[in-house]
Amino acid sequence: MTSFLDPLISFVSAHPWLGYLTLFLAALLEAVPVVGSVIPGSTIILALSALVPGGELQLPWVLLAAALGAVLGDGSAYWIGHRRQREILNTWPLTNYPRVVAESENFFHRFGTWAVFFARFVPPVRAFVPVTAGALGMAPAKFYAVNIPAILAWAPAHVLPGVLAVTALHEYAGLHHHGHVGKHIWILTVVGVAILLGLAGWIYRRRNGVTAAKSQA
């Protein structure tokens, strides 16, 4: 894995605009219904944040790329729902995910306007709540009044942990920036945790599906 990460870090250092573009697309696609439930946008953002302390990427541009991607993704999903109303919730491909759509509706009914804020931090409903908000008739001004502050909190929450962790490894553990060891540790940790959480979620959904099938039988 180290032999893969070193060339990747060097490549991003030589072409930082590709790193910012990747961050932008990761945040944007994560907000797209259905697509956002399979694209590991948060994992990508958390991992690439490790490249800030060494100077491969610049913190202001990383935050801006992530925030703009999220704003465009959430906004696009919201306006699709706003235009088509509840019809969109009963249209392919959302019809292939009835449980998540139902969870998103329940989430919205439970928290009201604040659902748009909280959903930013709760996968996989994060990819479904904006379109649900539009489909259920939430006013644009009210949506953006909550969505923008949520994104402004979400972006630093996904970027700063990596920046602080890698900085601490270099400053207090005596690791050198140019050796990339701190970056390796953070990136591998993020990927490993993401895999474990994904596996745990898959097992949970599978068990619930089997339990539901037995109950219906």
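**Group meeting talk: a chain of helices**

Good morning, everyone; the protein chain I am showing today has nine helices and zero strands, and I should say at once that this is a predicted model. If you read along the sequence, the pattern is α-α-α-α-α-α-α-α-α, which you can follow in the structure above.

Let me begin with the chain as a whole. Of its 217 residues, 39% are buried, and the accessible surface comes to about 11,500 Å², with 69% of that area belonging to carbon and sulfur atoms. When we take the contacts between residues at least 6 apart in sequence, we find that 74% of them join residues at least 24 apart.

Now, how do two of these helices meet? Please look at helix 3, which covers residues 41-48, and helix 8, which covers residues 140-172: their axes come within 7 Å and cross at roughly 55 degrees. Because of that angle, helix 3 is described as oblique to helix 8. On the side of helix 3 the contact is made by S42, I45 and L46, while helix 8 contributes W154, H158 and V159.

Staying with helix 8, I would like to point out N147, which has its place in that helix. Is N147 buried or exposed? Its relative accessibility is 1%, and since anything under 20% is called buried, N147 counts as buried. Leaving aside residues up to four places away in sequence, N147 touches D74 and V116, and I ask you to remember D74, as we shall meet this residue again in a moment.

That brings me to the salt bridges, of which the structure holds three. I will take them one by one.

In one of them, R120 pairs with D74, the residue that N147 also touches, and the closest N and O atoms of R120 and D74 are 3.0 Å apart. This pair links distant parts of the chain, with R120 in the loop between helix 6 and helix 7 and D74 in helix 4, 46 residues apart. Both R120 and D74 are buried.

Another salt bridge is formed by R126 and E30, again with 3.0 Å between the closest N and O atoms. Here R126 sits in the loop between helix 6 (114-119) and helix 7 (129-135), whereas E30 belongs to helix 2, and the two residues are 96 residues apart. With a relative accessibility of 6%, R126 counts as buried, and E30, at 3%, counts as buried as well.

In the remaining pair, the side chains of K183 and E56 meet at 3.8 Å, N to O. K183 lies in helix 9 (residues 181-216) and E56 in the loop between helix 3 and helix 4 (59-84), so this salt bridge ties together parts that are 127 residues apart in sequence. As for their surroundings, K183 is buried, and so is E56.

Finally, let us turn from buried residues to the surface. Which residues form a nonpolar patch there? They are W17, L21, L25, L29 and V35, and together they have about 420 Å² of accessible area. One member, L29, has its place in helix 2, which runs over residues 16-30. Because the relative accessible area of L29 is 32%, which falls between the limits of 20% for buried and 50% for exposed, this residue is called partly exposed.

Thank you for listening, and I am happy to go back to any of these residues in the structure.

Technical notes. Residues are numbered from 1 along each chain as its sequence is written. This is a predicted model: local features need pLDDT of at least 70, side-chain atom pairs count only at pLDDT 80 or more; totals for chains, interfaces and linings use all residues. Side-chain values use heavy atoms; hydrogens and water are left out. Patches are made of residues with over 30% relative accessible area and no salt bridge: like charges are joined within 9 Å, nonpolar side chains (Val, Leu, Ile, Met, Phe, Trp, Tyr) within 5 Å. Accessible areas come from the Shrake-Rupley method with a 1.4 Å probe; for residues, only the protein chains shown count as cover. A salt bridge is a side-chain nitrogen of Lys or Arg within 4 Å of a carboxyl oxygen of Asp or Glu. Helices (H or I, at least four residues) and strands (E, at least two) are DSSP runs, numbered from the N terminus. Buried means under 20% relative accessible area, exposed over 50%, partly exposed in between (1.4 Å probe, protein chains only). Axes are lines fitted to C-alpha atoms, for helices over the stretch in contact, and angles run from 0 to 180 degrees between N-to-C directions. Angles under 35 degrees count as roughly parallel, over 145 as roughly antiparallel, 65 to 115 as roughly perpendicular and the rest as oblique. Contact means heavy atoms within 4.5 Å.
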